[in-house]
Amino acid sequence: MLTALYVPANRPDRFAKAVAAGPDLVVFDLEDAVPVGDKAEARGWAVAWIAANAHGPVQIRVNALTSPWIEDDLAAISAVPSVRIRVPKVESAADVRAVLDKVPSARITALLESPLGVERAYEIATADPRVEAIALGEADLSSALGVDGAEGLAWSRGRLVSASRAAGLGAPMMSVYPHVGDLPGLLRTSIEGLRLGFVGRTAIHPRQLATIVEAFTPTEAEATAAAELLAAVDAAGVADGGVIVLPDGRMVDPAMLGRAREITTLHHQTNPHPH
């Protein structure tokens, strides 16, 4: 999964458009995008639309666990079978379990938006098998840390990637890039995230989706190199141990196979019908 697109839950006129834009996941947002006075109506619109439309993977971002709306959010969402919930401002495994106690069929993406949440990233990621992902909420986190820019978030981003991998959840997705009109900036920062170990990114506007896919899709050269490496290791019979040298001079050992397999898999997923 490379793309997730937020849609404000108080804008039902945008629901079908968000799905039609083609993201891998549509996130119906009950939290930041919805004014206080619209919370109840937005919740009703989102749950009703999801119940009536089976258009691929969707997720609901609920309000924070400390907010006055969370109980009603979870009560309404509990009627949706196998719902995926994006939970903001998670700071502990207990926060995850509190949601799952109310919605046992849910699958959880936990958003870490505070220094405490980041410190407990692995604990949160392993809180329950129904946790399918962890992610950063970088706007709130930057404010809490008193930092501005990628340099100030570097440690938190690395911590998230490591915790997600250690928990067996795979590579996490990057947080949103808020400057909707700056596609070069989106591409540049997404490539920076790729180098840190992220795969995919959430978006706040459909025009961002193509750039995100471009950033996180392996190039033909990368895919070819990965396939050649795997084929050479297989032919030499050293997948379980030993070292070989490829014709281009690269020294290869089994430790390099994991990344090559990931590149090959991602290339197949994003290019299902190569010419």
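**R61, E113 and their surroundings**

Visitor: Is R61 buried or exposed in this model?
Guide: The model is a predicted one. R61 has a relative accessibility of 8%. Residues under 20% count as buried, so the class of R61 is buried.

Visitor: In which strand is R61 found?
Guide: Strands are numbered from the N terminus. The one that holds R61 covers residues 58–61, and this is strand β3.

Visitor: At which residues does UniProt place the feature "binding site"?
Guide: The record is an unreviewed entry, and the feature it gives is "binding site". In that UniProt entry the positions are R61 and E113.

Visitor: Why can these residues be said to gather at one spot?
Guide: In sequence they span 53 residues. Even so, their C-alpha atoms are not far apart in space, so they gather at one spot: no two of these atoms are separated by more than 13.8 Å.

Visitor: Of these residues, which does the lining of the largest pocket include?
Guide: The UniProt feature names R61 and E113. The lining of the largest pocket includes R61 and E113.

Visitor: Where is the place of E113, and is E113 buried or exposed?
Guide: E113 sits in the loop between β5 (107–112) and α5 (115–119). Its relative accessible area is 7%. With the limit for burial set at under 20%, E113 is therefore buried.

Visitor: With which residues is E113 in contact, leaving aside its neighbours within four places in sequence?
Guide: Two of these contacts are P88 and K89. The backbone nitrogen of K89 lies 2.9 Å from a polar atom of the E113 side chain. In full, the contacts of E113 are P88, K89, G137, D140 and L141.

Visitor: At what distance do the side chains of K89 and E113 meet in a salt bridge?
Guide: This pair links distant parts of the chain, 24 residues apart: K89 is in the loop between β4 (84–87) and α4 (93–102), and E113 is in the loop between β5 and α5. K89 is partly exposed, with a relative accessible area of 33%, whereas E113 is buried at 7%. From N to O, the salt bridge of K89 and E113 has a distance of 3.9 Å.

Visitor: Which side chain meets that of R61 in a salt bridge of 2.8 Å?
Guide: The partner of R61 in this salt bridge is D29. The pair links distant parts of the chain, with R61 in strand β3 and D29 in strand β2 (residues 25–29), 32 residues apart. Both members are buried, R61 as well as D29.

Visitor: Which side chain meets that of R61 in a salt bridge of 3.4 Å?
Guide: The pair joins distant parts of the chain, 30 residues apart, and the partner of R61 is in the loop between β2 and α2 (39–52). R61 and this partner are both buried. The partner in the 3.4 Å salt bridge is E31.

Visitor: Which residues are linked with R61 in a network of salt bridges?
Guide: The count of salt bridges comes to 13. Among them are R61 with D29 and K89 with E113. The residues linked with R61 in the network are D29, E31, D32, K89 and E113.

Visitor: Which side chain is joined to that of Q59 by a polar contact of 3.0 Å?
Guide: Q59 lies in strand β3. Its relative accessible area is 1%, so Q59 is buried. Its contacts include V27, R86 and E132, and the side chain joined to Q59 at 3.0 Å is that of T109.

Key. Residues are numbered from 1 along each chain as its sequence is written. This is a predicted model: local features need pLDDT of at least 70, side-chain atom pairs count only at pLDDT 80 or more; totals for chains, interfaces and linings use all residues. Side-chain values use heavy atoms; hydrogens and water are left out. UniProt positions are given in the numbering used here, feature names are shortened, and annotations may be inferred rather than shown by experiment. On a 1 Å grid over the protein atoms alone, a cavity is a set of points where a 1.4 Å probe fits but cannot get out, and a pocket is an open set with protein on both sides within 12 Å along at least five of seven lines; lining residues have an atom within 4 Å of a point. Helices (H or I, at least four residues) and strands (E, at least two) are DSSP runs, numbered from the N terminus. Buried means under 20% relative accessible area, exposed over 50%, partly exposed in between (1.4 Å probe, protein chains only). Contact means heavy atoms within 4.5 Å. A polar contact is a pair of N or O atoms within 3.5 Å; within protein, one must be able to donate a hydrogen and the other to accept it, and residues adjacent in sequence count only if both atoms are side-chain atoms. A salt bridge is a side-chain nitrogen of Lys or Arg within 4 Å of a carboxyl oxygen of Asp or Glu.
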